[in-house]
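Hello,

Here is the structure I promised to pass on to you. My notes on what I found come straight after it.

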Amino acid sequence: MPACPTCGEENPERARFCQTCGTPLEPAGLPSEERKVVSVLFIDLVGFTARAERLDPEDVRSILTPYYDRLRSEIERFGGTVEKFVGDAVVAVFGAPLAHGDDAERAVRAALAARDALEGMNAAEPGLDLQARLAVNTGEAIVTIGARPGRGEAMVAGDVVNTASRLQAAAPVNGILVGEETYAGTRAVIDYRPAPAVVAKGKAVPLQVWLALGPLGPVGERSFVPVPMVGRGAELAVLRGIWERVVEERRPHLITVFGPTGIGKSRLAHELVLRAAATGGRVLRGRSLPYGESSPYGAFAQQIKQVVGIFDSDPLPVARERLEQFVRELAGDDGAGEASSHVAMLIGLPVEGEVSERETLFFSARVVLESLAREEPVVLVFEDIHWADASLLDLIEFLASRIREVPLLLLTLARPELLSRRQAWGGGLPAYTALPLEPLPDRDSVELTSRLLTHHGLERNPDRAATLAGTAEGNPLFIEELAAFLAERAREEEGRVPTSIREILSARLDALPPAERATVLDAAVVGKVFWRGVLARLQPARGEELGTLLGSLEQRDLIRRETVSRIKGEQQFSFKHLLIRDVAYQTLPRPERRSRHAVVAQFLEEATQNLGDAAGALAHHWHEAGEDRRAIDYLIAGAEQAGRGWAKERAIELYQEAFSLVPEEDEELRRQILHRQVVAMAALWHVTDAKLLRARTEKR
Ligand SMILES: Nc1ncnc2c1ncn2[C@@H]1O[C@H](COP(=O)(O)OP(=O)(O)O)[C@@H](O)[C@H]1O
Ligand SMILES: [Mg+2]
């Protein structure tokens, strides 16, 4: 009976949508477990057990219930799930069932908030005196899909959970300890102090840990790395051109810069803002948040508060008074009271009265902004509007369409998913520009990589820079993360994707509709390149639907349809980004991978006539399917074919690979392979000798 992933309701076998809440139910054939990077938050009360023994059980409950309620609400505010209670301890998971892309950060912020909440509760109730130890740990876990933590079903399992509990036990009272992966993924946004390593049972080496002190900045604010901007000349020229026209012609303009996480939207906006400020513009910034936002017009509120000079610490009447005075000075006495009270309503300051229509409030916002821009040119920066409340999007479109004859630039930044929420975004506006940010071109990527490697004190190494830039696929944030990863580990770990990048890409995968996501996971087993026929075999139930799914993935820019195919009569596709393929592959637990590899191997056996080319691939899939004997046969066959074509080096490599798969007991086979390898080597010397000889003769 499929349980709803959202509300836990049990549904009849045939149901495709939950009967209670309408959530689409996972299509059949999806693994029931996945491997995901999660962050686990552990909070345990200190010395409470001893105290509880002396208290009446009812008193214990009346202390603990509000405490647990409060913790739960703090955790959920940051997008986490309370998984279970172990004794007095609370265990929460971030990143499963759905990844948000910044789950380690959410977990640490939740820990900080939980600690503050505890302090608040103690202050409000003398004698309560609750103390806790907290820890956050990040790593790969096995996640049970469809588990209902509310009913005591475990959602995640793995070393990451046990280690979190160890760290928690080692944390100072009211302190938050984090492990290495958590630290690496969040140190740009959280202030840390190194703490003495923790010796944990069952661990060979002591665990490196850090003490979380507080956030370095507000949510969503990433400090830029201190290297100058690379490339993006054309994009910057477009933005500057628009800004100049806005100023000269005194005509408002709405720009939306589109691009995925880390591609450089904020950085580009920052460069334009520097320019605008240098040429006498006034810049007001606001950002929409992925979580924890209370006001629908939050970003607009930040801009207004910034220009008026209202601080969050100001008592409300003071803020209200300051706003009114500001509007009065700006727009004159006429109607200032009304306009300022409307703006106050928009930005969440308490005011008397009500208006019957939203337009009335928007109109006042327009009046205030027009007056402001009449004084000097204004840039309003709206960051991350894919997270904006619909009302804020309405307000931005309203301003862009109604403000007249003043120099005002509305600069908005968004991930492409904004368009799935608002297909017609910007449509029908008098002056709107959409600027998609593409990956950095190769040359710029390599340049940025070199600069970052130097910044981290690694020597300049063009090959390494090129490899790393290639892996990052033109995404500056990924380049930064990979360079930092390299600097820390000091060596390349093959196939390892830094946790921070894995979090971001998992979130992209998790945002896909379930059928599309399942298709990506299957395709990932095939490799960077895959064929429609093999997917059909992996998911026989899909049938005709498969075409639509592939079309949808292509449209989402995850895969590419190729014009040629290595298999006759088979439509060939490839992953647009290898990193996405890697992350999708890592999501599958081992048994799921194995069974899929076997299907792929069978498909390739039937589909490929020319053994030589496919031998390597077949060997790989059989090996991953756990069938080493078949893999060895293909490697030997491939080696022979390579040998016949006088590709002796390749032949030696393949024999080597085959040899490494043969179990030690099988001495006969080992001897055979060694023998052939030796023959190939002798031939190779022969080739080398022949080459040398020819070189010598040619010299003469
Ligand atoms: N062209 C560039 N040259 C150098 N660094 C860049 C460039 N574009 C982005 N970065 C850096 O990459 C990181 C991610 O960029 P950011 O603008 O925050 O991405 P986004 O806002 O699209 O998520 C930042 O540290 C930024 O400084
Ligand atoms: Mg940004």
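**What I found**

The C-alpha centres of domain 1 and domain 2 lie 30 Å apart; the domain bounds come from an automatic or database domain assignment. That assignment divides the protein chain into domain 1 (1-30), domain 2 (33-215), domain 3 (235-436), domain 4 (442-495) and domain 5 (608-700).

Before the details, some conventions. Residues are numbered from 1 along each chain as its sequence is written, while chains are lettered from A and ligands numbered from 1 in the order in which they are written. This is a predicted model, in which local features need pLDDT of at least 70 and side-chain atom pairs count only at pLDDT 80 or more, whereas totals for chains, interfaces and linings use all residues.

The C-alpha trace spans about 95 × 75 × 55 Å along its principal axes. The chain has 26 helices and 16 strands, taken as DSSP runs (helices H or I, at least four residues; strands E, at least two) and numbered from the N terminus. Of its 700 residues, 40% count as buried, that is, with 20 or more other C-beta atoms within 10 Å of their own; exposed means 12 or fewer, partly exposed in between, with C-beta atoms placed from the backbone.

Now to a sheet you may like. Five strands form an open sheet in the order E10-E11-E12-E9-E13, with parallel pairing; two strands pair if DSSP finds at least two bridges between them. Its edge strands are E10 (282-287) and E13 (432-436), each pairing on one side only. E9 and E12 pair in the parallel sense over six bridges, and His253 has Leu409 as its bridge partner in E12.

Helix H6 (residues 233-249) has 17 residues, which at 1.5 Å a residue should span 24 Å, and its end C-alpha atoms are indeed 24 Å apart; the expected span is 1.5 Å times one less than the number of residues. Its buried residues are Leu239, Trp243 and Val246. They cover an arc of only 60° around the axis, so they sit on the same side of H6; the arc is that of the directions from the helix axis to the C-beta atoms. What covers them includes strand E9 (253-258), helix H7 (265-278) and strand E12 (408-414), judged by contacts (C-beta atoms, placed from the backbone, within 7 Å). On the other side of H6, Gly233, Ala234, Ala237, Gly241, Glu248 and Glu249 are exposed. Just after H6, Arg250 takes a positive phi of about 50°.

Best wishes

Note on methods. Contact = placed C-beta atoms within 7 Å.
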